[in-house]
Structures are given as structure tokens and as C-alpha cells.
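Open the model in your viewer with the cartoon on and the side chains hidden. The stops below go from the overall fold to single residues, then to a pocket.

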Amino acid sequence: MSVDGKWNLVIESPMGRQQVSVDLVENAGTVTGTMVNTGQNLSTEIFDGTVDGDALQFKAKLPHLKMTVTFDLAVHGTGLSGKVKAGKFGGFKVSGERA
């Protein structure tokens, strides 16, 4: 299954639910794209992305926090779930669906 396209994600962080959208482009198992924090209108590039079956992983730098976050997700049809690791802040649950 292709992960190409826009996905709306919800991150369950200690600061409350964070809503982000990701626009993913898959090419031969490699994933790139952009991530936008919809509440703050901040955009960043996605890098080191891979997809293997239903396993999706990618990273994004958060310049305003000087941190790289790593997403480790499982795709279920039009939905996905998993975790995001946010440096020393630990990991948080993520869920989402195709936009």
C-alpha cells in the first residue's frame, strides 16, 4: 500500500493533543515530504523516511525546539498509529488518518 498523500495526525503529548499534517511522497521504499503543525502553522521537511509493508518511519527537525522527532508508525488502510520519540521528552502516542 502506498503512503503517498496527506495525513492528519494527533500526537498525545504532555502539553495536550498536538495536531500535525504530513504530506508524504513514497519512491521505492523511501519517504520524503513535509510536516505542518496546524496549530502553530510551522512547517518542516521530513527526512530518513522508509516504508516496508505497513511499517512507516520518518524524522523531522523542529527548529523552534532545536529537536529531531522520530515517528514509528503502522499503517492500517486509511489510518495509522504508533509513537513519536521526542528526544529527552520521551515517546508519545500518535494516531491519524488520510486527509
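**Whole chain**

Keep in mind throughout that this is a predicted model. Start with everything selected and colour by secondary structure. The protein has zero helices and eight strands, and along the sequence the pattern reads β-β-β-β-β-β-β-β. The radius of gyration is 12 Å, close to the 13 Å that the globule rule gives for 99 residues, so the protein is as compact as a globular protein of that length. Aligned on the principal axes, the C-alpha atoms fill a box of roughly 35 × 25 × 20 Å.

Now colour by relative accessibility. Of the 99 residues, 35% count as buried. If you have a contact map to hand, look at the contacts between residues at least 6 apart in sequence: 25% of them join residues at least 24 apart.

**Val31, in strand E3**

Select Val31, which sits in strand E3. Is Val31 buried or exposed? Its relative accessible area is 0%, so Val31 is buried. Show what is around it, leaving aside neighbours within four places in sequence: Val31 is in contact with Val3, Leu24, Val25, Glu26, Ile46, Gly49, Thr50, Val51 and Leu56. For a distance label, pick the C-alpha atoms of Val31 and Ser2, which are 10 Å apart in space and 29 residues apart in sequence.

**Asn37, in the same selection of strand**

Stay on strand E3 and move to Asn37, which also has its place there. Asn37 has a relative accessible area of 15% and is buried, because the cut-off for buried is under 20%. Not counting residues up to four places away in sequence, Asn37 touches Gln18, Gln19, Val20 and Leu42.

**Gly49 and Asp48, in strand E4**

One of the contacts of Val31 is Gly49, so select that next. Gly49 is found in strand E4 and counts as buried at 4% relative accessibility. Beyond four places in sequence, Gly49 is in contact with Gly29, Thr30, Val31, Gln57 and Phe58. A C-alpha to C-alpha label from Gly49 to Thr70 should read 9.5 Å, across 21 residues of sequence.

Step to Asp48, also in strand E4. Asp48 counts as exposed, at 53% relative accessibility. Check the backbone as well: phi of Asp48 is near 50°, a positive value in a residue other than glycine.

**Ala28, in a loop**

Which other stop has a positive phi in a residue other than glycine? Select Ala28, where phi is near 55°. Ala28 lies in the loop between E2 and E3 and counts as exposed, with 78% relative accessibility.

**The aromatic pair**

Show the aromatic side chains. How many aromatic pairs does a search of the whole structure find? The search finds one. Phe58 and Phe71 form that pair, and it is stacked, with 4.6 Å centre to centre and 20° between the planes. Phe58 lies in strand E5 and Phe71 in strand E6, so the pair ties together parts that are 13 residues apart in sequence. Both Phe58 and Phe71 are buried.

**Lys93, in strand E8**

From Phe71, draw a C-alpha to C-alpha distance to Lys93: it comes to 9.8 Å, with the two positions 22 residues apart in sequence numbering. Lys93 lies in strand E8, residues 91-98, and counts as exposed at 59% relative accessibility. Setting aside residues up to four places away in sequence, Lys93 touches Val10, Ile11, Glu12 and Gly82.

**The largest pocket**

For the last stop, turn on a surface and select Met15, Gln18, Leu62, His64 and Leu65. Of the 25 residues that line the largest pocket, these five lie nearest its centre. The largest pocket holds about 540 Å³ of space.

What kinds of residue make up the lining? The lining divides into 17 nonpolar, seven polar and one charged. To see where they come from, colour these strands one by one: E1 (5-13), E2 (16-27), E3 (30-37), E4 (42-52), E5 (55-62) and E6 (67-76). Each of them supplies at least two residues of the lining.

Definitions and conventions
Residues are numbered from 1 along each chain as its sequence is written. This is a predicted model: local features need pLDDT of at least 70, side-chain atom pairs count only at pLDDT 80 or more; totals for chains, interfaces and linings use all residues. Side-chain values use heavy atoms; hydrogens and water are left out. On a 1 Å grid over the protein atoms alone, a cavity is a set of points where a 1.4 Å probe fits but cannot get out, and a pocket is an open set with protein on both sides within 12 Å along at least five of seven lines; lining residues have an atom within 4 Å of a point. Grid points are joined across faces, edges and corners, and a volume is the space filled by probe spheres set on the points. Helices (H or I, at least four residues) and strands (E, at least two) are DSSP runs, numbered from the N terminus. Ala, Val, Leu, Ile, Met, Phe, Trp, Tyr, Cys and Pro count as nonpolar, Asp, Glu, Lys and Arg as charged, and the others, Gly among them, as polar. Buried means under 20% relative accessible area, exposed over 50%, partly exposed in between (1.4 Å probe, protein chains only). Rings of Phe, Tyr and Trp (its six-membered ring) pair if their centres lie within 6.5 Å; planes under 30 degrees apart count as stacked, over 60 as edge-to-face and the rest as tilted. The radius of gyration is taken over C-alpha atoms; the globule rule is 2.2 Å times the number of residues to the power 0.38. Contact means heavy atoms within 4.5 Å.
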